[in-house]
Each structure stands twice: as C-alpha cells, then as structure tokens.
Amino acid sequence: MARTIAIVNQKGGVGKTTTAVNLGAYLAWLGKFVLLVDLDPQANATSGLGIDHSKLTQGVYHSLIEPVSFREIILGTHHQGYKLAPATPDLAGARIELVNLENREYKLKNSLLEVTNDYDYILVDCPPSLDLLTVNGLVAADEVLIPVQAEYLALEGLGQLLNTVNLVKDNLRPELSILGALVTMYDKRNKLSGQVLNDLRQHFPYRVFKTIVPRNVRLTEAPSFGQSILSYDAHSVGGKAYQDLAQEIVQQENYVY
C-alpha cells in the first residue's frame, strides 16, 4: 500500500505546493511510483506540472462529490512513474458541498482506496486553510509534512496547525503522525533565517528535516514553465535540495514517530 503524506500549512506562500510538486518528481526519479493529489482549489500543483486546469472536465472534485472513479481522473506527467489527480475550478465549491454529506471527512480517504495499491507514495497538496478539504487530506494521510518558511512570523500559526492535526488524530485518524517540518526559502545571508531554523529545532516537538530548501530563483521560475525543478534545472541548489529531501524520506521509510 502507498505511503500517504499530506503536505499542510494554513499559511500561504511557504513553499507548500513547490514542495509537493518537486518532492513527487524526485521520488519518481528515485524509482518510486508516485501520485500527487491536488486538493487546493487554486490548482497550482496542477498548473505547475504543465496542465491547464481550466480545460479539464473532471478532477478531484468529481471523485469527492460525484460518483466518478478516482482512477478515471488521474493524468500522466512529464516524469515516468509520476501521476497527478488534478484540481479543477469546481473544487472551490467542495468546501460548501461537503458540509451536508455523510462521512464528509472521509471522502478523499475512501476515494483513494481504489488506487492505494498502485503507488509507493501518495502526496496530498492541501489548501492554505484549515477547512474541510484540509481535514479530508489529513484523514486520508498516514503522515503530515509541514513546510515552514524561514522568515519572521513563520512559526506563528504552527500551534494552531498542530492542534488541528491532533484533533484529527484523536477523533478521525488515530494512525496519523507528524513526518516532520521542512524549512523552506532559507537565506543563509540572513540572520533571521538562521534564528527561525534554530527556534524550530529547539521548540518544534517533532522532527525537523536535515534538508533545508534555500530561496532560489530557479524554483520560482519552474512552475511558470509547467515544470518541476527536476526537469527545469536539476543542477540548481533548489533541485539539489528536493533531491536530498526525497532521499531523506525514502531512507527513513520505516521511521515512525
């Protein structure tokens, strides 16, 4: 069965989708079969892999709300072994439509049962909020990866996120664990970045990845070309960082918090 990782932070602009897209690409590069689930109505992960979400007729929304097979919505990417369950504009309405549905928190988990044996990893790119879509992502996951921006106020709201994760763990998904926090947009020339990293390592009650993702222009450019950093510029410092992250996760596949 797939190892399902929800990539979550309710704060926007922390490198969440960048992490989802590029971690998936490098896991596939390492020979793993990977599915990226774009659970964010902004569909940045979908467009970041070169797919125009406005032209799609079905996506994650249709599997959650309508009787559409999850396998039917999955698309290929430019990377061998790397597939995408895309977001479409309809997904924005799911937040409201899910409210009155029975077992609403389990919709994604139940949909993924159909394909969980097809992949080694399923990555869920959650929206930058703590709404029903994010709860669905957490309930469907085995582990949570939290990108944390190396900037002022980056740790603010982390407590709220951990409380939400613990509520899901206590009430809906007892097996859920924290895989760790990933420091992103790190600038070694900036003393504040170093302070945020130190604070996180001292006060975050779970693991902090050894890999640190630097602030890198090539990482920000890649999505505009519909490419992962692996295909856009694998030799960049951003590419090397996500290669290291993928290797760090694969090496600790049996690690349990």
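Visitor: What makes both faces of β5 count as covered?

Guide: Look at the side chains in turn: Y121, L123 and D125 on one side are buried, and I122 and V124 on the other are buried too. Buried means under 20% relative accessible area, exposed means over 50%, and partly exposed lies in between, with a 1.4 Å probe rolled over protein chains only. In a regular strand the side chains alternate between the two faces of the sheet. Strand β5 covers residues 121-125, and five of its five residues are buried.

Visitor: Before we go on, what kind of model is this?

Guide: It is a predicted model, in which local features need pLDDT of at least 70 and side-chain atom pairs count only at pLDDT 80 or more, while totals for chains, interfaces and linings use all residues. Residues are numbered from 1 along each chain as its sequence is written, and side-chain values use heavy atoms, with hydrogens and water left out.

Visitor: How do you know that β1 and β5 pair?

Guide: Strands here are DSSP runs of E with at least two residues, helices are runs of H or I with at least four, and both are numbered from the N terminus. Two strands pair if DSSP finds at least two bridges between them. β1 (residues 3-7) and β5 have five bridges in the parallel sense, so they pass that test. T4, for instance, has I122 of β5 as its bridge partner.

Visitor: And how many bridges join β2 to β5?

Guide: Five, and β2 (residues 34-38) runs parallel to β5. Here V34 stands opposite Y121.

Visitor: Why is the contact between K16 and D125 called a salt bridge?

Guide: The term asks for a side-chain nitrogen of Lys or Arg within 4 Å of a carboxyl oxygen of Asp or Glu. For K16 and D125 the N to O distance is 2.9 Å, so the pair qualifies. The partners come from distant parts of the chain, K16 from helix α1 (residues 16-29) and D125 from β5, 109 residues apart. Both K16 and D125 are buried.

Visitor: What makes D131 a cap for α7?

Guide: A side-chain oxygen of D131 lies 3.1 Å from the backbone nitrogen of L133, at the N-terminal end of α7. A polar contact is a pair of N or O atoms within 3.5 Å; within protein, one must be able to donate a hydrogen and the other to accept it, and residues adjacent in sequence count only if both atoms are side-chain atoms. D131 also forms a salt bridge with R95, with the closest N and O atoms 2.1 Å apart. That pair links the loop between β5 and α7, home of D131, to helix α5 (residues 94-97), home of R95, over 36 residues.

Visitor: Why are D131 and R95 classed as buried, partly exposed or exposed?

Guide: D131 has 16% relative accessibility, so it counts as buried. R95 has 30%, so it counts as partly exposed. In the loop that holds D131 you will also find S129, which is buried because its relative accessible area is 19%.

Visitor: Which residues does S129 touch?

Guide: Leaving aside neighbours within four places in sequence, S129 is in contact with Q10, R95 and T134, where contact means heavy atoms within 4.5 Å.

Visitor: What makes α7 itself mostly covered?

Guide: Nine of its nine residues, 132-140, are buried. Among them are L133, T134 and N136.

Visitor: How do you know which helix or strand gives the most to the largest nonpolar core?

Guide: A nonpolar core is a set of buried Ala, Val, Leu, Ile, Met, Phe, Trp, Tyr and Cys residues joined through side-chain atoms within 4.5 Å. The largest has 52 residues, and those with the most contacts inside it include L35, V37, F70 and F204. α7 gives the most to this core, with six residues. A second, separate core has 33 residues, including I7, A25, V34 and L179. In soluble globular proteins, nonpolar side chains tend to be buried together.

Visitor: Why is A85 called buried?

Guide: Its relative accessible area is 0%, so A85 counts as buried. A85 sits in strand β4 (residues 82-85), and its contacts beyond four places in sequence include L35, V37 and F70.
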